[in-house]
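Thanks, everyone. I'll walk through one model this morning, starting at a ligand and working outwards.

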Amino acid sequence: MNLVYGELSNLGERIKAIQPSGSIGIITDQNVAEYYLESCAESLRTFGYKLSYYVISPGEESKNGEVYLSILNSMARDELTRTDGIVALGGGVVGDLAGFCAATYLRGINIYQVPTSLLAMVDSSIGGKTGIDLEAGKNLAGAFHMPSLIYQDQSLLATLPEEELLNGMAEIIKCGILTGGDFFEMLIPKEDDMDIPLDEMIKKSAELKLDIVSRDPLDKGERQLLNFGHTFGHAIEKLSDYEIKHGFAVAMGMALITEISHERGWCDGDTRDAIIGILDTWGYDMEIPYSMEEMIEVIRVDKKRKGDSIDLIIPYGIGDCRITRIPIDELHE
Ligand code: ADP
Ligand code: ZN
């Protein structure tokens, strides 16, 4: 995986080094297209690529089999070949869907991820997880397909709605807690310095993920650390019928697992106060509107469950989270 920072107007130049010529299909959504499709297309056109466009409706509802197949059919109609590529220009929805199209079209063509949302920049565009939703649940059909390029232009965040920024910020806070040290300190707003180094935090988060994924690409071990806050977070998302967005649910999940860790004596009071404090500072609601029983019921059917126990990421300290296998029945206590 190749993580590169640059301006959208220079995307073509970067792709040139990977795919010297041929066709590129751009998959994006209507919101992103309005702001950035022309600039993206122009940058590719300069380098002589033949372009085709697949613009979907914004939102998770588009991550389905019907939209997926219609894009594949259009790609075939446009005669994309094995040596052509796909640009995913958008947030996590576009990235997952476009990645899955690229993973499966002609058994796999190049995908160039150009994340435009904060969540996509720090998380979903990195690591090669692609997929679509099925009627029975989210991301139930998918494939690992590593991007040939992840191209990040942080200036695209200027048009991202505030709520989406906070949605992605939760993953950055997660990365800061996993890493500790300077990174965690960076998350604490300073009284005398209103300038929050968002650009630096994005880089650190993206690089942490890249690092972990490169050691554990298929999510069999260390990569699970990135699931800090996610077991309960996913359950909360599901129970809310996805009214509570991913980042906000993960924030609740991080707060809950931190409280559990403290109660069990795995982390001390300072660690708990630091984690709860940072989530509070950033304005996350940590009040979970569901009971433990409701969440456990959802976790029980979670696909990641290993028999009767589950791998939870437990904070022992800032910069010290550990994968811990716990019997589901013990969660009740
Ligand atoms: P996520 O990235 O949170 O997984 P989406 O792909 O659905 O989820 O993106 C969230 C929303 O933000 C979508 O409505 C999308 O169209 C919009 N969006 C993504 N990037 C930008 C941007 N740079 N400017 C404005 N809106 C954007
Ligand atoms: Zn996440």
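Start with Gly92. One of its backbone N or O atoms lies 2.7 Å from an oxygen atom of ligand 1. Bear in mind that this is a predicted model. Val93 also contacts the ligand through its backbone: an N or O atom there is 3.0 Å from a ligand 1 oxygen. Glu164 uses its side chain instead. A polar atom of that side chain sits 3.4 Å from an oxygen atom of ligand 1. How much of ligand 1 does the protein cover? On its own, ligand 1 has 560 Å² of accessible area, and the protein covers 88% of that.

Now the whole shell. There are 18 residues around ligand 1. Asp29, Gly92, Thr116, Ser117 and Thr159 come nearest. By class, the shell splits into 9 nonpolar, 7 polar and 2 charged residues. Which helices supply at least two residues each? They are H2, residues 30–45, H4, residues 92–104, and H6, residues 162–179. H2 gives the most, with 4 residues.

Let's take H4 next. The helix has 13 residues, and at 1.5 Å a residue they should span 18 Å. The end C-alpha atoms are 18 Å apart, so the model agrees with the expectation. Is H4 mostly covered or mostly open? Mostly covered: 11 of its 13 residues are buried. Val93, the backbone contact from a moment ago, is one of these buried residues. Others among them are Asp96, Phe100 and Cys101. Just past the helix, Leu106 takes a positive phi of about 50 degrees.

H6 is the helix that holds residues 162–179. It has 18 residues and reaches 25 Å from its first C-alpha to its last. The expected figure is 26 Å, so the two are close. Of the 18 residues in H6, 13 are buried, and the helix is mostly covered. Just after H6 comes Gly180, with a positive phi of about 75 degrees.

On to the metal. Ligand 2 is a zinc ion. Which protein atoms are its donors? Glu171 gives OE, His230 gives NE2, and His246 gives NE2. These donors lie 1.9 to 2.1 Å from the zinc ion. In sequence, the donor residues are spaced E-x58-H-x15-H. The two histidines link distant parts of the chain, 16 residues apart. His230 is in helix H9, residues 230–239, and His246 is in helix H10, residues 246–263. Both His230 and His246 are buried.

Between H9 and H10 there is a loop, and two of its residues deserve a look. Ser240 lies in that loop. At 7% relative accessibility, Ser240 counts as buried, because the cut-off is under 20%. A polar atom of the Ser240 side chain lies 2.9 Å from the backbone nitrogen of Ile244. Asp241 is in the loop between H9 and H10 as well. Is Asp241 buried or exposed? Its relative accessible area is 62%, over the 50% mark, so Asp241 is exposed. Asp241 also has a positive phi, near 60 degrees, and is not a glycine.

Why flag that phi? Because most residues other than glycine have a negative one.

Asn139 is another case. Its phi is positive, about 55 degrees, although Asn139 is not a glycine. Where is Asn139 found? In strand S7, residues 137–144. Its relative accessibility is 36%, which falls between 20% and 50%, so Asn139 counts as partly exposed.

Two last stops. Thr324 is in strand S10, residues 320–327. With a relative accessible area of 16%, Thr324 is buried. A polar atom of the Thr324 side chain lies 3.3 Å from the backbone oxygen of Arg322. Finally, Gly12 is in helix H1, residues 11–16. Gly12 is buried, with a relative accessible area of 0%. How far is the C-alpha of Gly12 from that of Phe183? They are separated by 32 Å, and the two residues are 171 apart along the chain.

To recap the two sites: the protein covers 88% of the accessible area of ligand 1, and Glu171, His230 and His246 are the protein donors of the zinc ion. That's my tour.

Note on methods. Residues numbered from 1 in each chain as written. Chains lettered and ligands numbered in written order. Predicted model: local features only at pLDDT ≥ 70, side-chain atom pairs only at ≥ 80, totals over all residues. Heavy atoms only, no water. Near = heavy atom within 4 Å. Polar contact = N/O pair within 3.5 Å; in protein donor to acceptor, adjacent residues only side chain to side chain. Areas by Shrake-Rupley, 256 points an atom, 1.4 Å probe, with all protein chains shown as cover. Nonpolar A, V, L, I, M, F, W, Y, C, P; charged D, E, K, R; others polar. Buried < 20%, exposed > 50% of the residue type's maximum accessible area, 1.4 Å probe, protein only. Donors = N, O, S within 2.8 Å, 3.2 Å for Na, K, Ca; no water.
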